[in-house]
Structure formats: C-alpha cells, structure tokens
Amino acid sequence: MRIQSMITMRFSLLSSCLLLLSSLLFFPEASGQVVSKIKERININDGWRFMRYTAEPDKLIYDVRPMVTDRNDNIVADSRPTEGITVSSSQDVLKPWILPTANDFIKDTAKRHTRPAGSPGADFPFVQNNFNDNTWEQVNLPHDWAIKGPFYDGANAIVGGGMGRLPIQGVAWYRRKLSIASTDKGKSIYLDIDGAMSYAMVWLNGQLAGGWPYGYNSFRLDLTPYVNPGGDNQLAIRLDNPANSARWYPGSGLYRSIWLTKENPVHVAHWGTFITTKDVTASSAKINLEVTVENKSSADQKVEILTDIYIAGRLSGQRENKVTSFPRSPISVIAGQTYNYQRSLTLKNPLLWGPLPIQKPSLYVAVTKLFSNGMLIDEYETRFGIRSIKFDPIKGLIVNGRPVRIQGVNQHHDLGALGAAFNTRAAERQLEMLQQMGCNAIRMAHNPPAPELLELTDRMGLLVIDEIFDCWERGKTPLDFHLIFPDWHEADIRSFMRRDRNHPSIIAWSFGNEVGEQYTAEAGAALAKQLHDIVKEEDDTRPATASMNYAKPEMPFPKEMDIMSLNYQGEGIRDAPAYAHLRGIRTSPLYPAFQKAFPNKLIYSSETSSTLSSRGTYLFPVTTGTSAPVSDSNGGDPRKKQVSGYELYTAQFGASPDKVFSSQDKHPFVAGEFVWSGWDYLGEPTPYYNARSSYSGIIDLAGFPKDRYYIYQARWRPDLPMVHILPHWNWTGREGQITPIHVFTSGDEAELFLNGISLGRKKKGEYEYRIRWDSVKYSQGTIQVIAYKKGKRWAEKTIQTTGNAEQLLITADRNAIAADGNDLSFITVKVADRNGLIVPDATNMITFSIEGPGEIVATDNGDPADLVSFASKARAAYSGLALAIIRSGKGRSGVIRVTAMAEGLKKATIEIRAK
C-alpha cells in the first residue's frame with residue numbers, strides 16, 4: 001500500500017514536471033508581457049512608423065476606381081442613390097490576392113477565392129525588412145491621420161463639408177516590428193485588426209498576407225506562413241482612403257486597436273462561440289452554447305472541451321463566482337477543418353441583463369477550455385447576458401417580460417475633436433451624457449462600431465441596433481463602398497455578426513440604411529431578401545431589418561423585413577405647410593399605413609427629427625409653427641454659418657421634436673424612436689457645407705448640451721423634476737423687441753416671471769411639449785420660471801442678464817485618471833462675470849497650457865463653423881464655453897496642472913491626478 005502510494009506520488013510528480021517542462025517549451029513568456037502559457041493576445045498599438053504620400057502614391061492598388069467628375073457633396077441626405085458604375089482597366093490590381101481573406105465567411109465553398117501564385121509588392125521598399133523608416137512619423141494606435149487637420153476651406157476643397165473638410169484622402173503606410181520568438185515555432189500566429197480605414201493590405205516580411213477593403217469591419221489575417229520565429233519580422237500595412245467616398249467623416253488610418261495572437265494549432269476559432277438564451281424567467285433560463293474548434297495542424301486531433309460559467313464583475317467584466325458548467329466532452333477535429341460543438345443546460349435563478357434604469361445589466365463569462373492528453377491547450381472567454389426579447393406589434397419592445405419604450409439616438413463613429421481614433425473613455429462620456437438625458441438605446445449609424453463600444457453598452461445597460469451598410473449596389477457618393485459590395489457583402493455581414501453576436505445589448509440587426517434598392521421594386525426586394533437570409537443564417541434569435549425612408553407599405557421592399565424600421569416616414573416627410581415649397585420625398589405620416597399592411601410586425605422609427613441648431617445661438621424672428629425647414633432667411637445665418645437654437649428648425653426632410661412626439665403619441669403602437677442624432681458629428685454639416693461638422697446633435701461636438709437636450713429629458717425622464725428656459729437673456733440692442741421665451745419641463749404647466757412680474761401661468765395642451773411665451777419684449781434683468789405637476793410645485797429655474805466677462809472658471813469631468821497613456825479628462829472652461837455667471841455670448845480667445853505627466857490632445861468649442869485645428873492650444877469660446885481634452889502619460893503618475901488664460905480675464909487652473 002505504501003509502495004503503491006509512493007509510486008503514485010512519484011508518477012504524479014513526474015507528470016507535473018513534464019507538464020511544466022512542456023509548458024515552458026511551447027508557451028514561453030514574451031519579454032515584459034504577462035501572458036497565458038496557452039495563448040497570447042498581445043496589444044501592439046504602440047511603436048508604429050507612419051508615412052502618408054504628399055505626391056504621387058505607389059501603384060499597389062486594390063482595384064481601379066471610376067473617375068470623379070462631380071465633387072459636390074452638398075446634397076440633401078435623402079436624395080436618391082445612383083446606379084453603380086462598372087470600371088475596367090489594364091492596370092495590375094491586388095484584389096485577387098486580397099479576396100481569399102473573405103473565404104471563412106463565404107458559405108458556398110464553390111464561391112470561395114483561390115489565391116494566385118506570387119506575392120505582389122514583394123519588391124516594394126516599404127515592405128522590406130531592411131527599409132529605413134527612421135524619418136517616418138512615430139505614432140501609437142488608434143491613429144487617425146486626418147484629425148489634426150488643417151481644415152480645407154472654400155467651395156472647391158478636395159475634401160468638402162460632407163466628409164468634414166479634413167485631409168482624410170490619400171495613400172499611407174504603417175510599419176512595425178513584431179516580436180515572434182523561436183519558441184513560437186509551431187504555433188498559429190494571427191494579426192487581428194479591429195478597424196482600418198480603408199482598403200487595408202498587409203505584408204509580413206515582404207509577403208502579401210491579405211487585407212480587407214471595408215474600413216469598418218474587424219478582420220483577422222493568418223501570418224503563420226510568413227513568420228520568421230526568432231528572427232526579424234517586419235509588418236507593413238498600406239491604406240488607401242479616397243475623397244468622395246462617404247457622406248460623413250470616415251476617419252483615416254489604423255483607427256482602432258491591433259492585436260497579435262499566438263495560439264496552439266488546435267484552438268477555439270476566431271469569434272468561435274455563440275451563446276443564446278431561451279425560456280428565460282426569474283427562476284431559470286436555458287443556455288445554448290455553440291463552439292467552433294479549429295484544427296490548423298496536419299493531423300487529426302482528439303481533444304476534450306469544457307465550459308464553465310461565471311458571474312462577471314459589474315464594472316470589471318472579469319469572472320467572479322462560478323455558477324455552472326457544461327460537462328467535459330471528447331471531440332475529434334479533422335486536420336485543416338473545424339468542429340462545431342453544441343450543448344445546452346438550464347441555469348437556476350439567473351441574473352438577467354436588462355436596460356437601465358428600470359432593469360439591471362447583469363453579465364456572465366463563459367470560459368471554454370480545450371485539453372489534449374489532459375493538458376490545457378486553449379482557453380477562450382465569452383461575455384454574454386441572459387435576457388428575453390419580444391417584439392410585440394402593439395405593446396412594442398418587451399425585455400424580460402416588461403415593456404420598454406425605445407428612447408434612442410443615432411451615433412456616428414467619430415469622437416469629435418479626437419476623430420475616428422477610438423478611445424474608451426471618450427465613448428463612455430458620450431453614453432453617460434445620453435443616459436442622463438434619459439436615452440436607453442443606440443443605433444450604430446451606419447456601420448459596425450469599435451468592439452469596445454459594445455462592451456460599454458453591455459455594461460451600461462443600453463439597447464443597440466447594430467448596423468452595417470449605408471449603401472448596397474447603388475451608391476450615394478462616387479467612391480463609397482458600393483464599389484466593393486458585390487465581392488464583399490456576404491463576408492462583411494457574416495464577420496460583423498460573428499464578432500458582435502454575443503453582446504446582450506444588441507436587440508436587432510440592421511443590414512442597410514436608406515439604400516437605393518428601395519427604388520428598384522422587385523429587384524431591390526430580391527437583394528434585400530438575400531441579405532436578410534444571410535443575417536438569419538448567422539443569428540435567428542434576433543430580427544433583421546433595413547431602414548426605409550422611401551419604401552412604402554405597398555412596395556415589395558418592406559415585405560422582406562422582420563420589423564419595420566422607418567426613417568422620418570412615421571411623422572411625415574415634407575408634409576407640413578412650411579415644407580410645401582421643397583423638392584424631394586414627400587409623405588404623410590405613415591405609421592397607420594405600415595401597421596395596416598404589417599399588423600403582426602413591430603414598428604419603430606430608426607431615424608427621427610433631424611432638428612438643426614447651433615448651441616446657445618438664437619435668431620429672430622422665431623417661427624410661430626411647431627416645425628420649419630431652416631433656410632438663410634428662416635432660422636439660419638449663412639454668414640456666420642449658424643442655425644437658431646429655438647429647436648424648431650430642421651433639415652428639409654426633418655421634423656422638430658414636437659412634431660415627432662405628437663405623431664408617436666397619436667400612434668401608441670409605435671415602439672419608440674432613434675433621434676438623429678445624439679451628438680454632433682464630423683461631416684454632413686447641413687445646411688452649411690462650408691462648415692466642418694453637423695448641426696443635428698442633441699449634444700454639440702465638444703460635449704455641451706444644446707437646448708434640445710432638455711426637451712428630450714423632459715419627455716424621457718418624466719419623474720425627474722426639471723425645467724429649462726431658452727434663450728439666454730443677454731440681448732443688448734433688442735430692448736423692447738419681441739424675444740420669445742420657451743420652456744421645457746417634465747411638469748405639465750409653468751408660470752413665467754420677468755423682473756418679478758408674472759407673464760402668465762400656462763399648461764401644456766394636448767400634443768404640446770413646450771410652453772411658449774411668444775410675445776415677450778426684451779428688457780434686461782431676471783427671468784424666472786416655476787413649473788408645476790398635477791397642481792404642485794415641481795421645479796424652478798432662473799436666468800439673468802450677466803455682467804461683462806471678468807474671469808474664467810474651469811472644471812473637469814474627472815479629477816483622477818489612470819496613468820496608462822489612454823485615459824482622458826475633459827476640461828470645461830466657462831467665461832464668467834464677476835458673480836460667476838456664464839456670459840452666454842462670450843467669444844474670448846482662450847489659451848491652454850499644461851504641466852506634469854499629461855498632454856493636451858485637442859481643444860474644441862462646439863461651433864460647427866470653427867475651422868481652427870483641433871490640435872490648437874488656443875480656442876475661442878463659443879456661447880461662453882470651450883473644451884480641452886487631456887490625456888495621461890503612459891506609466892507617468894503625478895499631478896497634471898492645466899491652466900486657461902484669456903486676455904483681460906482672470907485665469908483659471910485645475911489639477912488632475914494621474915495614478
């Protein structure tokens with residue numbers, strides 16, 4: 001017995017030693033990198049060299065493009081898209097070598113692409129290991145080469161207002177050395193790119209590894225055939241970003257993160273898990289697990305698979321308590337192929353994911369492990385949530401058995417003065433401000449977002465419509481992605497969905513926005529069905545739709561949609577008297593017609609409003625109606641490129657919030673709306689295309705709420721005591737002139753006082769959402785409003801005429817940030833009088849300076865017409881406010897001191913601690 005015990009102990013000790021030795025031999029640690037012995041996923045955002053051509057670029061093109069004969073981008077957003085143009089050329093192109101990257105996402109194997117022999121560009125200097133790039137710019141990722149400007153000015157700029165007047169265009173190269181140790185021999189080595197704008201083509205050690213043209217998709221390249229373990233490994237990435245290729249600012253460069261992944265040849269495939277839940281109640285839920293295991297080795301492999309389920313930390317997202325497990329199971333994976341593993345189990349008393357504030361966004365982590373001969377060879381984490389979603393045609397969206405009205409906004413992908421370069425804190429700030437307004441849903445307009453953004457929506461409890469494609473085969477700009485749609489649409493859809501499908505915040509997929517195929521009857525509907533069916537093959541648990549601004553209920557196009565996604569048609573387009581003179585799409589409110597045609601399908605508005613305004617700017621006279629299109633003589637100032645902030649003026653196809661609310665309240669079966677747009681964004685500066693950024697945001701580009709913020713807050717947070725007054729009350733020169741006062745409140749009536757004298761107590765009428773005093777004559781002094789709800793005092797607000805500007809006031813959204821080189825603090829500077837009141841018409845030039853372990857990344861003021869570079873340390877206040885964005889230094893802790901100065905004003909200083 002003792003001898004057997006000793007033998008067992010020695011055998012166990014020997015096995016442990018062999019296991020340890022095996023781990024050391026096959027899974028070494030990279031220098032300075034904390035890694036798992038089974039898999040390394042290394043962020044390689046730092047240490048790149050960058051060069052953008054200033055003259056004739058190289059000839060290594062993906063494909064030929066049509067010549068642009070009309071560069072005018074000042075086109076109404078709902079204009080009819082045009083038919084695609086076929087271009088041929090004798091010039092050599094690299095497309096045949098890039099297309100095979102899509103093969104994993106093409107279902108029909110007969111349609112997959114065969115890579116031609118050879119490696120184009122192998123003799124080009126920039127891809128060579130020995131090329132000297134020391135004169136190139138040093139950059140870290142995410143990187144947007146255009147955001148620092150300068151802005152293009154004038155009517156015939158190479159990049160106009162539609163794409164933000166920034167130098168996005170041209171060909172650029174990025175180079176970086178990769179660390180691949182000799183002990184990595186035998187591993188599978190992958191490059192994972194979260195986003196590259198655009199037409200990315202990648203070389204390693206002079207060999208063309210592949211690429212992906214659509215700039216918003218994440219993609220993976222297998223570098224294994226081209227690596228030199230233990231030797232020099234040179235990565236080179238070429239991007240080609242054409243002008244006239246988008247309706248908004250697309251950004252440029254390697255604008256999201258890049259990862260180097262090293263793993264065993266037998267591993268869970270990229271985006272290889274899919275977890276769904278059904279029969280969800282408070283007491284139990286069925287969890288369905290699907291895992292794709294990939295065998296990149298030359299021999300068949302027998303492995304065991306095990307998945308444990310943990311509760312995820314509320315803030316960290318990391319695994320905490322284990323709650324259940326899928327049993328350990330043996331599987332066999334054929335060499336060079338994949339194995340699809342599927343199992344189900346029931347979890348008792350699940351923590352449910354639901355939208356804030358009425359539910360909690362609880363998350364889980366599934367940890368999938370693969371074992372070979374008892375040794376762990378792979379580990380793969382999947383975060384997911386347990387929830388039930390129903391789309392009721394009458395009750396609307398139902399989450400976990402509770403109706404949830406969609407109070408959503410559309411968001412483009414740029415982060416204002418930071419450009420398209422993704423930053424988690426900047427995105428989090430955007431979402432926080434939207435939630436404070438009462439927003440509970442985001443539509444990703446009109447492309448796949450950065451993966452970190454969906455991690456935020458999961459954690460913060462926001463519903464998401466995840467969208468791909470602003471166009472299909474018919475283009476909206478001469479060089480947009482309709483050029484690649486025929487070759488890439490299937491791969492783009494499948495890859496985007498496999499990346500995102502485990503996020504519980506996503507409630508539906510949108511595979512198109514206002515596409516031109518709405519106009520082509522049966523042909524367009526046939527293409528819609530093809531795309532719809534691809535979506536449903538990837539995920540049949542969520543509805544698939546495309547947003548419609550033209551297709552009517554009787555047309556074939558809507559019949560292919562699982563839910564009705566309407567852009568502006570619900571409240572009517574150009575149907576009010578104020579819009580009668582305009583050309584373009586014209587419809588009466590179509591909610592009833594769509595419900596009659598599709599009584600069993602949920603209806604919601606994927607875009608509403610498109611109200612336009614410049615924050616804190618008010619123009620007179622004010623329209624007496626509830627909604628009017630902006631023009632140079634009605635709500636617009638073409639000289640200053642400003643739109644009145646009374647929040648009544650819209651794009652030609654738009655409607656004020658008041659009109660939208662009224663239409664939805666008259667049709668309570670409508671599930672809700674996504675307002676265009678949550679924040680201002682770069683590009684598409686309707687109505688003034690000689691500006692740089694949009695006017696449609698509820699929040700301006702710098703992150704300062706417009707007056708419109710409060711009409712939505714009043715509607716979406718009815719239990720929050722609040723009242724808001726507009727305009728400001730500094731109107732020297734308007735004494736005795738009509739200066740209307742409007743009030744937004746969550747109450748139902750309000751009384752207005754001017755210098756202590758009541759101007760009347762008014763109630764909101766039926767289908768009224770603001771209280772108006774349109775005949776007030778200006779006299780300086782104090783405006784006070786007292787709001788009431790159900791007869792009781794509810795909220796009050798006072799504004800007054802300020803004194804002259806005498807000082808600067810400075811605040812930070814956060815006074816402590818991480819010293820990781822990525823974290824940000826957003827600094828607001830206010831121009832104030834001696835009593836600390838913001839001077840609402842102040843335009844003083846403010847200069848920022850900084851001391852300590854941080855840098856000023858950008859400044860802004862929210863004025864769409866300001867063409868001063870975001871990189872400037874000097875910024876004129878706009879309506880009394882300016883912004884500076886501070887970034888910490890990597891690994892540098894300490895006090896960051898930011899000072900704001902303006903001539904003739906008392907300066908202000910604030911301290912931020914980086915730790």
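**Reading strands, loops, a pocket and a buried helix**

Mentor: Start with S44 and S46, which run antiparallel and are joined by 6 bridges. Keep in mind as we go that this is a predicted model.

Trainee: Fine. Which residue in S46 is the bridge partner of Glu-855?

Mentor: That would be Arg-887, so to speak the residue to click on in S46.

Trainee: And in what order do the 4 strands of that open sheet come?

Mentor: Read across the sheet, not along the chain: S40-S42-S46-S44, with antiparallel pairing. To find the edges, count partners. Strand S40 (807–812) and strand S44 (854–860) each have a single partner strand, so each has one side with no neighbour in the sheet. On average, neighbouring strands here are turned by 25° against each other, ignoring direction.

Trainee: Which helix packs on the sheet?

Mentor: Helix H3 (residues 424–437) does, touching S46 and strand S42 (824–832). Its direction makes about 55° with that of S42.

Trainee: Let me follow S46 out of the sheet. Where is the place of Gly-889?

Mentor: Gly-889 belongs to the loop that links strand S46 (881–888) to strand S47 (894–901).

Trainee: Is Gly-889 buried or exposed?

Mentor: Go by the relative accessible area, where buried means under 20%. Gly-889 has 10%, so it counts as buried. For its surroundings, skip the neighbours within four places in sequence: the contacts of Gly-889 are then Ala-819, Asp-820, Gly-821, Pro-853 and Gly-854. Take Ala-819 as a check on sequence versus space: it is 70 residues from Gly-889 along the chain, yet the C-alpha atoms are 5.8 Å apart.

Trainee: Now a hairpin. How many residues lie between S13 and S14?

Mentor: There are 6 residues between them, and Gly-317 in the turn has a positive phi of about 75°. The two arms, strand S13 (residues 301–312) and strand S14 (residues 319–333), pair in the antiparallel sense over 10 bridges. If you want one pair to fix the register by eye, Asp-308 stands opposite Ser-325 in S14.

Trainee: On to pockets. What is the volume of the second largest pocket?

Mentor: About 1500 Å³. Then look at who lines it: 50 residues, with Asp-104, Phe-105, Ala-269, Thr-338 and Arg-498 lying nearest the centre.

Trainee: Which element gives the largest share of that lining?

Mentor: S11, with 9 residues. Other elements join in, and those supplying at least two residues each include strand S7 (207–212), strand S12 (284–295), strand S15 (338–348), helix H5 (485–500) and helix H6 (521–538). Sorted by class, the lining comes out as 17 nonpolar, 14 polar and 19 charged residues.

Trainee: Last one: how many of the 10 residues of helix H8 are buried?

Mentor: 8 of them, so helix H8 (residues 657–666) is largely enclosed by the rest of the structure. The buried residues include Pro-657, Val-660, Phe-661 and Gln-664. Around them, the packing partners are helix H7 (591–597), strand S27 (603–609), strand S32 (672–676) and helix H9 (708–716).

Trainee: What about Lys-659 in H8: is Lys-659 buried or exposed?

Mentor: Its relative accessibility is 15%, so Lys-659 counts as buried. Leaving out residues up to four places away in sequence, Lys-659 touches Glu-571, Gly-572, Asp-575, Ala-576 and Ser-627. For a sense of scale, the C-alpha atoms of Lys-659 and Val-367 are separated by 49 Å, with their positions 292 residues apart along the chain.

How values were computed. Residues numbered from 1 in each chain as written. Predicted model: local features only at pLDDT ≥ 70, side-chain atom pairs only at ≥ 80, totals over all residues. Heavy atoms only, no water. Pairing = 2+ DSSP bridges. Buried < 20%, exposed > 50% of the residue type's maximum accessible area, 1.4 Å probe, protein only. Contact = heavy atoms within 4.5 Å. Axes fitted to C-alpha atoms, helices over the stretch in contact; angles between N-to-C directions. 1 Å grid on protein atoms, 1.4 Å probe; cavity = no way out; pocket = protein on both sides within 12 Å on 5 of 7 lines; lining within 4 Å. Points joined across faces, edges and corners; volume = space filled by probe spheres on them. Nonpolar A, V, L, I, M, F, W, Y, C, P; charged D, E, K, R; others polar.
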